[in-house]
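Trainee: Before I accept the words people use for a model like this one, I would like to hear the reasoning behind each of them. Could we go through them one at a time?

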Amino acid sequence: MTTVFGVHAQTPQGNTGLNLQSVIKVRGGTSVHVARGSAGEDAPDRLGTDFALYEDPAGHKPLCAVAPTGPEGVLTVTAPDGAVLGVLRPPTRQGGGRTRYEMELPDGTRLVGRRGTVGAWLLYVVVSPLALLYNAASLVGGYGIDWHLPTRTAWRSSGGFGPAPLKFYGITDKYKLRAAGLDPRLAYAQAVVHFWSA
């Protein structure tokens, strides 16, 4: 089963007490609403707050909560019943400017995503002369420069080949969840961290 979804900035809602920040639009499914919480002042997470996912914009149907645990900004994703769905590590910069995202499943499996996959960089190298011409023409026409580095991200287990359980396609700004073993709520939480840190 494949689930396709996108994370978008939320327009302010006057009819709810929630601090809605984003909405996850699931193709063929119900939208998921993202509300920031109010982590304590000494919370070490890099996003500056915790957040929760809800089935409804009023916040009556919680899906999961994401809160910092530990000194390194690690985020724990928990279900409404308190079961741990997984752990998200804070995004880190690697050599070459690539950002690394990591999530750990309850069974100990680690999925690592790096912004800009090898295939996306190869395509970028091939297409960059055309993009340069396009940007030169846009600059002459008064439209400005529209140049972006590859942002496609694929979360895989170490040494994993085959279809990635979770992928982000930078051109369309869509996420694709392909694994039955990956809880959609954990995938949504990772997508929010990815979206907010971009």
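Mentor: The model is a predicted one, and the mean pLDDT of the chain is 80, with 82% of its residues reaching 70 or more.

Trainee: Where in the chain is confidence lowest, and where is it highest?

Mentor: Among the helices and strands, helix α1, residues 118–140, has the lowest confidence in the chain, at a mean of 76, whereas β6 has the highest, at 94. There is also a stretch, residues 38–48, over which pLDDT stays under 50, and for this stretch the model has 20 contacts beyond four places in sequence.

Trainee: How many helices and strands does the chain have, and what pattern do they follow along the sequence?

Mentor: The secondary structure comes to two helices and twelve strands, and read along the sequence it follows the pattern β-β-β-β-β-β-β-β-β-α-β-β-β-α.

Trainee: What do the twelve strands form?

Mentor: They form a closed barrel, which runs from β1 through to β12 in the order β1-β2-β3-β4-β5-β6-β7-β8-β9-β10-β11-β12, with antiparallel pairing. From one strand to the next, the twist averages 20°. Helix α2 packs on this sheet and touches several strands, including β1, β7 and β12, and the direction of α2 makes about 20° with that of β7.

Trainee: How do you know that β8 and β9 count as paired?

Mentor: Two strands pair if there are at least two bridges between them, and β8 and β9, the latter being residues 110–114, have five bridges in the antiparallel sense, so the condition is met. One of the partnerships is that of R100 with R114 in β9. These two strands also form a hairpin with five residues between them, and G108 in the turn has a positive phi of about 95°.

Trainee: What makes β9 and β10 a pair as well?

Mentor: Three bridges join β9 to β10, against a requirement of at least two, so these antiparallel strands also count as paired. In β10, the bridge partner of L111 is S157. The same reasoning serves for β10 and β11, which run antiparallel and are joined by three bridges, and here W155 has L166 in β11 as its bridge partner.

Trainee: Which strands does β4 pair with?

Mentor: Four bridges join β3 to β4, which run antiparallel, and β4 pairs with β5 in the antiparallel sense over four bridges. V34 stands opposite L53 in β4, while F51 stands opposite V66 in β5. As for the directions in which the residues of β4 point, F51 and L53 point one way, A52 and Y54 point the other way, and all are buried.

Trainee: Why is H33 called buried?

Mentor: The relative accessibility of H33 is 11%, and the word buried is used for values under 20%, so H33 counts as buried. H33 lies in strand β3 and touches, among others, Q10, A52, L53 and Y54, not counting residues up to four places away in sequence.

Trainee: Why is T92 called partly exposed, then?

Mentor: T92 has 33% relative accessibility, which falls between the 20% limit for buried and the 50% limit for exposed, and therefore T92 counts as partly exposed. T92 lies in strand β7, and its C-alpha atom is separated by 9.1 Å from that of E102, although the two are ten residues apart along the chain.

Trainee: Why does D173 get that description too, and what is noted about its phi?

Mentor: At 43% relative accessibility, D173 lies between the 20% and 50% limits, so D173 counts as partly exposed. The place of D173 is in the loop between β11 and β12, and its phi is near 55°, a positive value in a residue other than glycine. Most residues other than glycine have a negative phi.

Trainee: Which residues have the most contacts inside the largest nonpolar core?

Mentor: That core has 34 residues, and those with the most contacts inside it are F5, I24, F51, L53, L166 and L182. Helix α2, residues 184–197, gives the most to this core, with eight residues. L53 touches residues including I24, V34, Y188 and V192, not counting those up to four places away in sequence. For the chain as a whole, buried residues make up 39% of the 198 residues.

Terms used:
Residues numbered from 1 in each chain as written. Predicted model: local features only at pLDDT ≥ 70, side-chain atom pairs only at ≥ 80, totals over all residues. Heavy atoms only, no water. Core = buried A, V, L, I, M, F, W, Y, C linked by side-chain atoms within 4.5 Å. Buried < 20%, exposed > 50% of the residue type's maximum accessible area, 1.4 Å probe, protein only. Contact = heavy atoms within 4.5 Å. Axes fitted to C-alpha atoms, helices over the stretch in contact; angles between N-to-C directions. pLDDT = per-residue confidence, 0-100.
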